[in-house]
Amino acid sequence: MESFFRTHKYLVEHTNSPVKRELMQEIDWNRRLIGIKGTRGVGKTTFLLEYAKENFGTDRSCLYINLNNLYFTQCTLHDFAARFHAQGGKTLLVDQVFKYPDWSAELRRCYDNLPELKIVFTGSSVMRLKEENPFLSGIVDSYYLRGFSFREFLNLMDGTRFPSIKLPDILSHHTSIAREICSKTNPFDYFKDYLHHGFYPFFLEKRNFSENLIKTMNMMLEVDILFLKQIELTYLPKVRKLLYLLAQTAPSTPNISQLSQEICTSRATVVNYIKYLKDARLINMLYPVGDSFPKKPAKVYMHNTNLMYPVSLGNIDEQAVRETFFYNTLYKDNRLNTGSKKSTFTVNETLNFKVESEPVKKRLRPDVYYAVDHLQEGSGNQIPLWLFGFLY
C-alpha cells in the first residue's frame, strides 16, 4: 500500500493541467460511483490527478491507482479497496479499469460492500456503463471527457479565459459575442493550428504530433476495438484498412458492398466494424432524421479534424475539414442529421445549418444559419465558423 501512496504523491505533485476542463464542474462529485469515459489521448489520467490535486492534495484519504499495475494480477480490486478503506481511505481513483478482468463485477462488489467509499474510474469510450452492463445499471454516473474545444485551445495558447457559450446564445447574439472575443484576441491566429493538432492534449508533448497521433489511432484499434469487443487479432489488418478507406473519402456515403470486397469480409461485418470505429471516436456517422444504426449511414465523417491530416498525405479537402469541425463541436450536446437540399446539417431536427468557406453574398435563406469559415464577425444568420468552437 505504501508504494501506491508514494506513486500517488509523486504524480499529484507533478501534475500540471494547462487547461481547466469544464467537465470538472459538471460532475456530481457527491455520487459514490462515477465513470469517466473518453477516447485515448484526451487526458483522462491527468483529469483524475487534477481532481485529486485540487481537492485532496497529498491527503491519504484519496488514492490514485492504475489497474495496469501487475500487482492487480494477484490482488482483486475489491480486496485492495477494502484495505484502503480500512486505513481511512475515502476516495479511490481507478485508472484503466477496462484492463482488469471482470471490472464491472468488482466495482459492484465495492459499491455493495464499502458504502462509505467513493470510487471514480476511467475507461474507454467503447465501454457501455449503463445500457449493456447489468452490474452497474442504476448505480453509476457516467460522464464523457472530450478532447480540447477550440475555446480551450485558444485559452491555453493565448492566456485568455473565455467561458463556454450555449448554442441559443450564439444564434441570437453571435455578433456582439464575436466582437467581444475579437477585442481581446484574433481567433484566426490559432484556428488552423487547432484544426491540425489542437484536439488532443498530447500536442503539448515534445514529440512529433502526427506520429504520436498515428500511434494513438492504432492503439484505439488494437485495444479499444479488438480487445474490448473481443475480436481476434488476425482481423486487425481488415479494421485498419477499413479506417483508412473511410478516412480517404470522408465525408462521404460509404459503399458497403465495395468496402466488403476491399477488406474481404461480409457486408454485415463491415457495418459492425463501422459502428465499432464510431464507438472508439475515430469516425462519426450521420443519418437522416429518424434513421439510426444498424441502417447504413448517409455519410461518414472523421470524428475530429486532427484525425484527417495523418491519413491525407497532404491532399486535404478544406470543406471536409470545415464540416468535420462543425459536426464534432456540436456533437457534444446536440443531435445532428443530414441536411436538406438547402443545408449541410439539421441540428436537433429543427435547425438548418450550411457550412460555407466565405461569406455568402447572394440572397440568404431566412430559415438557414450559415457557419462561415473566413469570417471574423458575422451578422444576421451568417455566423463565424470558429465561434461554434466555444460551445464547450
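Visitor: What covers the buried residues of H1?

Guide: This is a predicted model, and in it the cover includes helix H3 (44–55), strand S2 (62–66) and helix H4 (77–86). The buried residues themselves are Phe-4, Phe-5, His-8 and Val-12.

Visitor: What makes those buried residues line one face of the helix?

Guide: Look down the axis of H1: its buried residues fall within an arc of 100°, so they line one face. Arg-6 and Tyr-10 are exposed, on the face turned away from the buried side.

Visitor: Why are H11 and H12 called roughly perpendicular?

Guide: Helix H11 (residues 256–263) and helix H12 (residues 267–279) pack at an angle of about 95°. Roughly perpendicular covers 65 to 115 degrees, and therefore the pair earns that label. Their axes are 9 Å apart.

Visitor: Which residues of H11 meet H12?

Guide: Ile-256, Ser-257, Leu-259, Ser-260 and Ile-263 do, and on the H12 side they meet Arg-267, Val-270, Val-271, Tyr-273 and Ile-274. By class, that contact has 7 nonpolar, 2 polar and 1 charged residues.

Visitor: Why is Arg-281 called buried?

Guide: Buried means under 20% relative accessible area; Arg-281 has 14%, so buried is the right word. Arg-281 sits in the loop between H12 and S6, and its phi is near 60°, a positive value in a residue other than glycine.

Visitor: How do you know that the peptide bond from Ala-250 to Pro-251 is cis?

Guide: Its omega is near 0°. Pro-251 lies in the loop between helix H10 (236–249) and H11. Another cis bond joins Phe-293 and Pro-294, with omega about 20°.

Terms used
Residues numbered from 1 in each chain as written. Predicted model: local features only at pLDDT ≥ 70, side-chain atom pairs only at ≥ 80, totals over all residues. Heavy atoms only, no water. Buried < 20%, exposed > 50% of the residue type's maximum accessible area, 1.4 Å probe, protein only. Helix = DSSP H or I, 4+ residues; strand = E, 2+ residues; numbered from the N terminus. Arc of directions from axis to C-beta. Contact = heavy atoms within 4.5 Å. Axes fitted to C-alpha atoms, helices over the stretch in contact; angles between N-to-C directions. Parallel < 35°, antiparallel > 145°, perpendicular 65-115°, else oblique. Nonpolar A, V, L, I, M, F, W, Y, C, P; charged D, E, K, R; others polar.
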